[in-house]
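Biologist: Please take one part of this model and examine it closely. I should like a single connected account of the surroundings of the chosen residues.

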Amino acid sequence: MPFDRRLLLAAFSSFTCGSTLGYLNTSRLASLRFRAENAHRLPISNPGWYLYHKSKNYYKLKHGLGAGLRSGFYLAAWASLFFVVEESMDVFRGTWRAGRSLTEMEGERTKNAVTTMTDGLNSRSSGMRATDRQRNSVQRTLQEEQ
């Protein structure tokens, strides 16, 4: 996936999660604060209780939206910063040309989680380092192409 799509997706999803969680947490606390501030004058009639809950909901919305947007922007900024640093490190190391897909990085052979773990266990038991395995696989593919 190209960097601009990954960055946009990460920023949008982290903003959505951060704003939702920030709104829910802050609105719950605002509801408790409204209850504590108005405990000395609780309503006694049905229209009074209706207006009490209506006021409480507006109070929750007012404080929840502000804090939700603030935490959403905060989380989106940190996620975007992480992705920018990751991309710059990939460009610096020169691995961005690999395409970030297993088929392009490994050739025709694809790997799943189980074969990756068993390869790691096999390389440790045989005493072969990861760079040696990569060098051997590159040499094998070059010999097969010739």
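Modeller: The account below concerns two serines, S14 and S19, and then the chain around them. This is a predicted model, in which local features need pLDDT of at least 70, side-chain atom pairs count only at pLDDT 80 or more, and totals for chains, interfaces and linings use all residues. Residues are numbered from 1 along each chain as its sequence is written, and side-chain values use heavy atoms, with hydrogens and water left out.

S19 lies in helix α1, residues 3-37 (helices are DSSP runs of H or I, at least four residues, numbered from the N terminus). S19 counts as buried because its relative accessibility is 16%, buried meaning under 20% relative accessible area with a 1.4 Å probe, protein chains only. Its side chain reaches the backbone oxygen of F15 at 2.8 Å. Not counting residues up to four places away in sequence, S19 touches G68, S71 and G72, where contact means heavy atoms within 4.5 Å.

S14 is also found in helix α1. S14 is buried, with a relative accessible area of 9%. Leaving aside neighbours within four places in sequence, S14 is in contact with G72, L75, A76 and A79.

As for confidence, pLDDT is the predictor's confidence in each residue, from 0 to 100. Among the elements of the chain, α1 has the highest mean pLDDT (94), and helix α3 (residues 102-106) the lowest (50). Where pLDDT is low, the predicted coordinates should not be read in detail. The mean for the chain is 80, with 69% of its residues at 70 or more. The chain has five helices and zero strands, and buried residues make up 20% of its 146 residues.

How values were computed:
Helices (H or I, at least four residues) and strands (E, at least two) are DSSP runs, numbered from the N terminus. Buried means under 20% relative accessible area, exposed over 50%, partly exposed in between (1.4 Å probe, protein chains only). A polar contact is a pair of N or O atoms within 3.5 Å; within protein, one must be able to donate a hydrogen and the other to accept it, and residues adjacent in sequence count only if both atoms are side-chain atoms.
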